[in-house]
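This briefing introduces a protein model to a reader who is new to structural biology. Please keep the sequence and the structure in view while reading the points below.

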Amino acid sequence: PVCVPGSVSQHSARFPYYCIIFHLFYIFYAAYVNSCQLVLKHRTSVSMNFFRGVITGQATGPQPTGAETIQKLCDRVASSTLLEDRRDAVRALKSLSKKYRMEVGTQAMDHLINILQTDRSDSEILGYALDTLYNIICNDEEEEQDESEDENAQKQTDDLGAQFTEKFIQDPEHITLLLTLLEEFDFHVRWPGVKLLTALLKNQGVQVQGIVLVSPMGVSRLMDLLADSREVIRNDGLLLLQQLTKGNAAIQKIVAFENAFERLLEIISDEGCSDGGIVVEDCLLLLLNLLKNNSSNQNFFKEGSYIQKMKPWFEVGDDNSGWSAQKVTNLHLMLQLVRVMVSPVNSPGATASCQKSMYQCGLLQQLCTILMATGVPADILTETINTVSEVIRGSQVNQDYFASVNAPSNPPRPAIVVLLMSMVNERQPFVLRCAVLYCFQCFLYRNQKGQGEIVSTLLPSTIDANSISAGQLLCGGLFSVDSLSNWCAAVALAHALQDNLTQKEQLLRVQLATSLGKPPVSLLQQCTNILSQGSKVQTRVGLLMLLCTWISNCPIAVTHFLHNQDNVPFLTAQISENLGEDERLVQGLCALLLGICIYYNDNSLENYTKEKLKQLIEKRIGKENFVEKLGFITKHELYSRAALKPQPVFPSPEQMLFDHEFTKLVKELEGVITKAVHKSSEEDKKEEEVKKTLEQHDNIVTQYKELIREQDAQIQELKEQVASMTTQTDQMQATISQQLSQIQQHKDQYNILKLKLGKDNQSQPSTQADGSQVNGLQTEELSQLREELEELRKQHTLLQTQVGDKDALIDSLKSAAQTSESSGGGSADTELLQELEALKSQVQSQLADINQLKTERQELLRRAEAGAADAAPSSDGTSDAIKELESRLSAQMSETERLKESQAGLEQQLASATSTVAILQTEKTKLQSELQESKKEQDDLLMLLADQDQKIHGLKQRLKDLGEPVEDEDDIDAREQTSDEEDEDED
């Protein structure tokens, strides 16, 4: 039951307090609902009226201004406790941020940054805040162009974005906060964050780069954008990284080592390489930022084998018609990327390594295919020619390959000839002709083989009338009516002579037929004839550069040039005249040419010696005036531009005057020519004397170098001899060790045999079976003993032979040493003689030991025969035992032979010592150093002889063990008497 006022019921009477409480709750609830509805209605009406007024412009009453509205919204953002209210206010600020950019930026930026810090849990309000900040910081060019009527307004807008950016980055924590927000995966947060950071980098790149660089994991967070599966974020991430890596080598290195190359190449491959869209272009621009002028990244790119992955980019099909603008742009950037890796401004080692990799992986071959293909757009063809030029520049292997490339024509023509045809054709585009000239220059750069091939096509013996050669094209361009062709041909021919004295002399043989009925003239004379005819400035500058390059550092060419009586008067006339600004450069080049004739003059022509030419300059020109005209070259503005880089890049054909290599020649010769002109005849004579003295010193140094080489060769031979002797010593030591082990084995076997023979002599076998067994054992042991005895016999014979040879050798060494001592050999020869005497005494002692061994062997043979006679009555098996003993002795003799072989090794070493003594006798100047080496060798020999003594002593001991009574002569006589008495008793 519901209780209302004015009604009384039993329920209310029974529960009066509950009814009162219920009534109060009902009243408060109704009031709350009504108040909420009124507030909501008021908010809706205010908002709708405001937006209706802003959009339609209709005045429904006094409307607040934009600044007031923005202020109210900022107050709501700052004071509202409900997230929905703040979100609505930020959404409204976003909608107003483009039109009221100044107001929103000045009033709301701090509140928006506060939203980014406090409302991290709501992605929607974060997205609105980031979009608002982007709108007030970014300079939207399209809208600004629509709304601005003049450049001043556009500049003010750009300044506004820079001001807001500077305000935003005053606190570096704001950039760190933005980097943290980029880790959010939500699209509505990450995408506007990427755009905002990109806008900040565009406006204040250096400052933002510095903050990102010091931020922990800042670059790594940005690199994660490339792995985002949403293409919009990935593509905008590429734009962000482009701005981030501009001009900052440290960030470029970090990005590269964050595996950027791998990711970018994968994106390019997935997008279709050169056939891809704008994403491929963005990737290529980012790669250019990472690699250009960054040697560390270039090395990392090469070491990571990423050059090989560039080859598929240039696989162009046969049908090259209808290239899209995007494909042209992509391929153009790809070619620029290749050029960055092999740019002449890089270090020579890095460039050479990249050139080698490009040839090995087939990238150069692919570029040459594009170069010779048909239907390729002109700008792509031009950039391809420039790329091939730098890939082959200074690389002999690549230059040889390029020389072998043929164009797909009938008949096939070399690619160089086809390119030169384009260069001398005035109908071809100017940039294409410049590219061909650059390609020809790079082909001849440090390529003497290629220079010789080009010059050989001009020589009379190699001209083929049925084919067009490079030399014919250059001559045709040199004498064409087109001044640009004249200049390009002259510069190209000058590069064929650059730093090549042989080809400069060969080119003097070239003869030209100017017209029918007239004798041929030399190429040098024809160039001077055209020069004197007063052609265009560009033509004359090209010919003068050719002549200066030709006769520089070539006295023969100077003589040929001066041989023509008209050349020197023409040059002096050109230099001495007062001409206009256009002719000043020609005057300077004429002064340079005349100065070269002075500096490289060998005085072979009496009328044009160095002294006479200097007198001519002093009389007709004046030394100061000559030097002033010479300085016109380096003061020209186009000279400085050409000296910057090898590639000929000119805005117009008229400004094509200087060549890069020629600027180097001018820089080298200007100073020396100035000095040569100011020098007097006495100074010239002194200089010639100094040159002669230097030549003599050079000859002396050369002789000493040859002597040192000979001594080095002799020292090397002696070292080889020492090494061989050391090897022989090691081998002999190994042999001696092996022989000692074998001797020990024989000693043990002999002791066993001796014990068994002793038992057999004391007792007779009791049964026939036992006797057979014992006789069998004795047979084996006696055969081994006979072998040892035979070996000892052979060894004894060999040792006697070696001892005789050693005696003869020692006598010869003694006589040689005495001769050296008598001729003033010094104390060193005396010491050597003493060492040889010691060696002889040692060999004699060894001979005595060998004789004693011989005596012991004979005693052993007698014992064996006596043992055989004693065993004869017992049984027939005793004779078998004796045979066995003889075989054992034969084995001992073979062992002696092995010892004799080791003795032969000692003899060889002694022979090497003899050769060392001969060297000491013949070369007195090297006596001390070689004597020390000989002493070392002698010490080695003594050690070997000591080892041999130990070995002989071991053999003696072994024979002693085989027959102890044999060691002393008294014991031997006693045994002989005992054996005689036993024989008498038996008789």
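Tyr704 is exposed, with a relative accessible area of 55%, and this residue sits in helix α39, which covers residues 681-762. The model is a predicted one. The points below turn from the surface to charged pairs, and then to two helices.

**A nonpolar patch on the surface**

- Tyr704 belongs to a nonpolar surface patch of about 390 Å².
- The other members of this patch are Ile700, Leu707 and Ile708.
- Exposed here stands for a relative accessible area over 50%, so Tyr704, at 55%, is in that class.

**Salt bridges**

- As a general principle, side chains of opposite charge can pair when their charged atoms come close.
- In the whole structure, 19 salt bridges are found.
- One of them joins Glu124 and Arg87, whose closest N and O atoms are 3.6 Å apart. Because Glu124 lies in helix α6 (residues 123-137) and Arg87 in helix α4 (residues 83-96), the pair ties together parts that are 37 residues apart in sequence.
- The two partners differ in their cover: Arg87 is buried, at a relative accessible area of 14%, whereas Glu124 is partly exposed, at 34%.
- Both residues also belong to a network of salt bridges that links Arg87, Asp88, Arg91, Asp122 and Glu124.
- A salt bridge is also formed by Glu390 and Arg339, with 3.0 Å between the closest N and O atoms. This pair links distant parts of the chain, 51 residues apart: Glu390 is in helix α21 (residues 378-392) and Arg339 in helix α18 (residues 325-341). Both Glu390 and Arg339 are buried.
- Arg433 and Asp482 meet through their side chains in a salt bridge, at 3.1 Å from N to O. Arg433 lies in helix α24 (residues 430-444) and Asp482 in the loop between α26 (470-478) and α27 (483-496), so the pair ties together parts that are 49 residues apart in sequence. Arg433 and Asp482 are both buried.

**Helix α15: one buried face**

- Helix α15 (residues 260-270) has these buried residues: Ala260, Phe261, Leu264, Leu265, Ile267 and Ile268. Viewed down the axis of α15, they fall within an arc of 155 degrees, so they line one face of the helix.
- In general, an α-helix has 3.6 residues a turn, so residues three or four places apart point the same way.
- The buried residues of α15 pack against several helices, among them α12 (218-223), α13 (231-244), α14 (249-257) and α17 (295-303).
- After α15 comes Gly272, with a positive phi near 105 degrees.

**Helix α16: largely enclosed**

- Helix α16 has 14 residues and reaches 20 Å from its first C-alpha to its last, close to the 20 Å expected at 1.5 Å a residue.
- Of the 14 residues of α16, 11 are buried, so the helix is largely enclosed by the rest of the structure.
- The buried residues of α16 include Val279, Val280, Cys283, Leu284 and Leu291, and also Glu281 and Asp282.
- The cover over these buried residues includes α13, α14, α15, α17 and α18.
- Just after α16, Asn293 has a positive phi of about 60 degrees.

Note on methods. Residues are numbered from 1 along each chain as its sequence is written. This is a predicted model: local features need pLDDT of at least 70, side-chain atom pairs count only at pLDDT 80 or more; totals for chains, interfaces and linings use all residues. Side-chain values use heavy atoms; hydrogens and water are left out. Patches are made of residues with over 30% relative accessible area and no salt bridge: like charges are joined within 9 Å, nonpolar side chains (Val, Leu, Ile, Met, Phe, Trp, Tyr) within 5 Å. Accessible areas come from the Shrake-Rupley method with a 1.4 Å probe; for residues, only the protein chains shown count as cover. A salt bridge is a side-chain nitrogen of Lys or Arg within 4 Å of a carboxyl oxygen of Asp or Glu. Helices (H or I, at least four residues) and strands (E, at least two) are DSSP runs, numbered from the N terminus. Buried means under 20% relative accessible area, exposed over 50%, partly exposed in between (1.4 Å probe, protein chains only). The arc is that of the directions from the helix axis to the C-beta atoms. Contact means heavy atoms within 4.5 Å. The expected span of a helix is 1.5 Å times one less than its number of residues.
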